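Me: Please take a close look at one part of this model, the surroundings of the bound ligand, and then relate that part to the rest of the chain. A connected account would serve better than a list.

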Amino acid sequence: MRNVDLRSDTLTQPTASMRQAMAGAEVGDDVFGEDPTVNRLEEMAAERLGKQAAVFVASGTMGNLVSQLAHCGRGDEMILGNHSHTFFFEQGGSAAVGGIHPRTVPNQPDGKLALEEIETAIRGDNVHLPRTRLIMLENTHNQCSGYPLDADYMKAVGEIARRHGLKIHVDGARIFNAAVALNVDAKDLAAEADSISFCLSKGLAAPVGSMVCGTRDFIKEARRARKLLGGGMRQAGVLAAAGIVALTEMVDRLADDHANAKKLAEGLANTPDISIAPELVKTNIVFFEITRREMTVAELVNRFDEEGVRMSPSGPNRIRAVTHYHITSEDIDYSLSAVSNVLK
Ligand code: TLP
């Protein structure tokens, strides 16, 4: 029996060349700014996203939180999608730690926030109201089938933000999946963002870490917020070394993950009792619904597991499968027949 683990791209293990780079990494105390490998990774990340500077943080959650803390003060409001990772899965850290008020706008099936809904959500100058400071977007959008937001949409949101004096933060945990899927440079997707975070530890297969990129002044603030959260790291070059390999060797191959996800989505679309919109699958995340109700999603996922295929329950009828570095095209064939067997 195979073991096909589709629960998340966070499951990826560091590659042999990452382990080698980690073992030989030159290090120093990064809180003093003296870790040459961290400094090199930060320069590389800033350059890749077309920003002045970057800071290495422990996780995507920390990247979003330090960005929110750097952009907003207590009582300020940020506009974000009702299905966004920050709103759903980050423990309300912006409110808990930063006193930042979240204002949700519905995510469209393709992860966008409708422009008119963003505009309507922006507060006017009135003593009763919190002040809107920030618009948050997610690219690719995890809960919206991993859909990538394109540069035209970013421009349209950028225009609104500038008109109202607001900042934009992009949770770009999977921004390189978006860039590869849209066949554009990640810089083009980040151009309108005042800040963007991305993860090294998801599809890019590094063991730990995310980057936050923005202007030099913004990164100075983000660095302070990172220290506040206890995220100042010391000889972090051993981790940054894997991040450098992730950026140099692991980006282009994301196209394979996208092809595998597409194959999975199309196969599931031809499987009885499954409902899926394969046209939304442009990157590495596949959501599908079970239309037969005699088994709960939790029971079904357990049955898939017994067949050697692991997926994540994601709501009452919804299941998530994510392709990544360790998943082959044969694994997708195997997964499709396992799903069919269970549903038979
Ligand atoms: N997403 C993870 C976990 O939530 C389980 C996953 O498996 O998809 N932004 C986005 C869009 C994310 O998908 C994630 C992680 C994060 C931020 C947070 O990153 P970490 O887990 O590094 O804090």
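Reply: In this predicted model, an N or O atom in the side chain of N142 is placed 2.8 Å from an oxygen atom of the ligand. Two further side chains approach ligand oxygen in a comparable manner of description: a polar side-chain atom of S8 lies 2.7 Å from an oxygen atom of the ligand, and for K202 the corresponding separation is 2.9 Å. The ligand is surrounded by 14 residues, of which S8, T61, H85, D171 and R320 come nearest.

The domain assignment places residues 13–249 in domain 1 and residues 253–343 in domain 2. N142 and K202 therefore fall within the bounds of domain 1, as the assignment sets them, whereas R320, one of the nearest residues to the ligand, falls within the range of domain 2. The centres of the two domains, taken over C-alpha atoms, are separated by 28 Å. Their contact draws 19 residues from domain 1 and 17 residues from domain 2.

The size of an interface is often expressed as the accessible area that is lost when the parts come together. Here domain 1 and domain 2 bury about 1500 Å² between them, and 58% of that area is on carbon and sulfur atoms. On the side of domain 1, Q143, S145 and N177 supply 32% of the area buried against domain 2, more than any other three residues.

As for specific interactions, the interface of domain 1 and domain 2 contains zero salt bridges, while five residue pairs are in polar contact between the two domains, both partners being at pLDDT 80 or more. Helix α8 (residues 175–182) contributes four residues, the largest share of the side of domain 1 that touches domain 2. By class, that side of domain 1 comprises eight nonpolar, nine polar and two charged residues.

The backbone also has two local features to record. A cis peptide bond joins N139 and T140, with omega at about -5 degrees, and T140 belongs to the loop between β5 (132–138) and α7 (151–164). Q91, a residue other than glycine, has a positive phi near 55 degrees; Q91 is found in the loop between α4 (85–89) and α5 (93–98).

Side chains of opposite charge can pair when their charged atoms come close. The count of salt bridges comes to 22. One of them is formed by D331 and R2, whose closest N and O atoms are 2.6 Å apart. This pair links distant parts of the chain, since D331 is in helix α14 (residues 329–343) and R2 is in the segment before β1 (4–5), 329 residues apart.

Conventions:
Residues are numbered from 1 along each chain as its sequence is written. This is a predicted model: local features need pLDDT of at least 70, side-chain atom pairs count only at pLDDT 80 or more; totals for chains, interfaces and linings use all residues. Side-chain values use heavy atoms; hydrogens and water are left out. Contact means heavy atoms within 4.5 Å. Buried area is the accessible area (1.4 Å probe) that two parts lose on being put together, summed over both. A salt bridge is a side-chain nitrogen of Lys or Arg within 4 Å of a carboxyl oxygen of Asp or Glu. A polar contact is a pair of N or O atoms within 3.5 Å; within protein, one must be able to donate a hydrogen and the other to accept it, and residues adjacent in sequence count only if both atoms are side-chain atoms. Helices (H or I, at least four residues) and strands (E, at least two) are DSSP runs, numbered from the N terminus. Ala, Val, Leu, Ile, Met, Phe, Trp, Tyr, Cys and Pro count as nonpolar, Asp, Glu, Lys and Arg as charged, and the others, Gly among them, as polar. A residue is near a molecule or strand if one of its heavy atoms lies within 4 Å of it.
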